[in-house]
Amino acid sequence: MTASTYKPPDYYLMDELLSDEHKMIRSSVRDWVNREVKPIIEEASQLNEPPTHLMETMGENGIFGPFIPEKYGGAGLDYISYGLIMQELERGDSAIRSAASVQSSLVMFPIYIFGSDAQKAQFLPRLAKGELTGCFGLTEPNHGSDPGNMITRIREKGDHFILDGAKLWITNSSIADIAMVWAKDEKGVVRGLIVEKGMEGFSAPETHDKWSLRASVTGELVFDGVKIPRKNLLPKAKGLRSPLMCLNSARYGIAWGVIGAASECYDTALRYSLQRKQFDRFIGSFQLQQKKLAEMLTEITKAQLLVWRLGELKNQGKETAQMVSMAKRNNVKMALDIAREARQIIGAMGITSNYPVMRHMMNLESVITYEGTHDIHLLITGHDITGIQAFK
Ligand code: TGC
Ligand code: FAD
């Protein structure tokens, strides 16, 4: 399948719900993905050589911080636009969407919401342009699903803070110019800090040997008595609620993004089923394969409706974190199931880089774990409907 033949499913005429501006944004990001990502992504993943040069190109194409006001270098767009951008990026590869999620929702968003005017002016325009790359450090080696028990600490010392601890599984860690780091202060309150590359005692080694998100940089953040100037503390971020608010924004983007990966897997499997013959018949004529394709399209359509409504609610400020959890959980599982089924339809060829399906499938194994695991999001819904927290 060439990039230009891709035909995303729109069974319920969802396009009629989009404005001309939405369609224009989607089409420009789709063109960008066809031009910059599709030609290189299979090789980058096979070789585990992340295309880090795309950060700057994404910035030049207005992909970062779409919901951040233009005053700070963003595009001032609505949340449906943000979702559509993520959907197109993840059709290219979850690694590309990951980089954009981190930059927009996990670095620009906290600086915009919790930062001082000076921090916003210093960092947001350059992050928007892709001149600076950011990463987000919440997870620790011994605290993934329970970030509230983090051990990374800051203590006051004169006109600065001293930061000690470590973060693990951090997207873009070793290539980041700044790290948005979450640490507890001496009173045990979670605070947000901007840690800059080159600060003494700060290192960011890369994690190797991944089978998933091979076109994305993942690594550690290690802090050994790092001296952090007071001006790098986000004044308005206090408590675990602050990083979790960033996650709501990123999880929302993922719920849209994975529809792009699922749509490409479905489209690829459908085309293959209408070209590949066995027993003198196209495999798409067999009931078993039609069942797979029909169920894929049904699930994609349901996922599209879910995020569209969530986006409308988010535009009106009526969405809840629990609604976002439901959409992230449902849509990632939907995409992973579709990738697995699509891989089967393509048979042995499905395990090669001739088709994008196995790459998407392996990527989605990370997406179902990061930003809150499949189990944690279910427990968040369980908590919301019963009032009883089951994860402690
Ligand atoms: P809990 O006591 O429930 O909550 C602590 C405080 O936070 C509030 N809260 C939220 N606020 C905003 N949004 C949310 N989603 C919130 N969830 C909870 C809560 O009301 C409370 O506020 P307050 O004022 O009363 O103090 O916290 P807990 O310790 O029981 O933990 C539960 C929780 C929610 C943290 C856990 O269920 C969870 O979400 N774990 C998942 C951790 C996670 O998602 N980590 C992601 C790391 S970043 C990442 O993966 C990036 S991947 C990037 C990429 O490449 O795309
Ligand atoms: P654990 O929390 O140890 O969970 C292991 C298993 O136990 C899971 O199946 C989980 O669902 C289950 N479990 C845990 N608690 C409960 C419970 N109470 N009840 C029932 N089951 C439970 N983090 C960042 O901060 N920044 C990043 O940029 C970032 N990027 C990432 C990139 C990649 C490629 C990956 C894989 C991860 C990334 N993460 C990042 C980390 C990610 O958010 C964590 O992996 C995730 O939150 C889960 O934590 P964990 O891996 O420690 O699993």
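## A tour of two ligands and a cavity

Select Thr171 and ligand 2: a backbone N or O atom of Thr171 sits 2.9 Å from an oxygen atom of the ligand. This is a predicted model, so read each stop as a feature of the prediction.

**Stop 1: ligand 2**

Stay on ligand 2 and show its surface. On its own it has 980 Å² of accessible area, and the protein covers 67% of that.

Next, pick Thr139. One of its polar side-chain atoms is 2.7 Å from a nitrogen atom of ligand 2. Then pick Leu138. Here the contact is through the backbone: a polar backbone atom lies 3.0 Å from an oxygen atom of ligand 2.

Now widen the selection to the whole shell. Ligand 2 is surrounded by 18 residues. Show Thr139, Ser145, Trp169, Thr373 and Asp375, which are the closest. Colour the shell by class: 9 residues are nonpolar, 7 are polar and 2 are charged.

Which elements each supply at least two residues of this shell? Select strand S3 (160–171) and H10; both do. Then colour by domain. Domain 2 (135–239) and domain 3 (242–386) each give at least three residues to the shell around ligand 2.

**Stop 2: ligand 1**

Move to ligand 1 and select Asn248. A polar side-chain atom of Asn248 is 2.8 Å from a nitrogen atom of ligand 1. Add Ser98, whose side chain places a polar atom 2.9 Å from an oxygen atom of the ligand. Add Glu371 as well. This time look at the backbone: an N or O atom there lies 2.9 Å from an oxygen atom of ligand 1.

Show the ligand surface again. Ligand 1 exposes 1100 Å² when taken alone, and the protein buries 75% of that.

Which elements give two or more residues to the shell around ligand 1? Select H4, helix H6 (241–273) and helix H10 (374–386). Highlight H6, which gives the most, with 6 residues.

Now show the full shell of 27 residues. Label Thr171, Asn248, Arg251, Glu371 and Lys392, which come nearest to ligand 1. By class, the shell holds 13 nonpolar, 9 polar and 5 charged residues.

Thr171 links the two stops. It is among the residues nearest ligand 1, and its backbone also makes the contact with ligand 2 that opened the tour.

**Stop 3: the cavity**

Hide the ligands and turn to enclosed space. Rolling a probe the size of a water molecule over the atoms shows where empty space is left. How many cavities of 30 Å³ or more does the structure hold? It holds 1. The volume of the largest cavity is about 120 Å³.

Select its lining, which has 16 residues. Centre the view on Pro51, Ala95, Ala99, Asn172 and Ala215, the lining residues that lie nearest the cavity centre. Colour by class once more: 11 lining residues are nonpolar, 5 are polar and none is charged.

Then show the helices. Helix H2 (54–60) and helix H4 (94–114) each provide at least two lining residues. H4 has the largest share, with 4 residues. Keep H4 selected for a moment, as H4 also gives two or more residues to the shell around ligand 1.

Finish with the domain colours. Domain 1 (3–133) and domain 2 (135–239) each contribute at least three residues to the lining of the largest cavity.

Technical notes. Residues numbered from 1 in each chain as written. Chains lettered and ligands numbered in written order. Predicted model: local features only at pLDDT ≥ 70, side-chain atom pairs only at ≥ 80, totals over all residues. Heavy atoms only, no water. 1 Å grid on protein atoms, 1.4 Å probe; cavity = no way out; pocket = protein on both sides within 12 Å on 5 of 7 lines; lining within 4 Å. Points joined across faces, edges and corners; volume = space filled by probe spheres on them. Nonpolar A, V, L, I, M, F, W, Y, C, P; charged D, E, K, R; others polar. Domains from an automatic or database assignment. Near = heavy atom within 4 Å. Polar contact = N/O pair within 3.5 Å; in protein donor to acceptor, adjacent residues only side chain to side chain. Areas by Shrake-Rupley, 256 points an atom, 1.4 Å probe, with all protein chains shown as cover.
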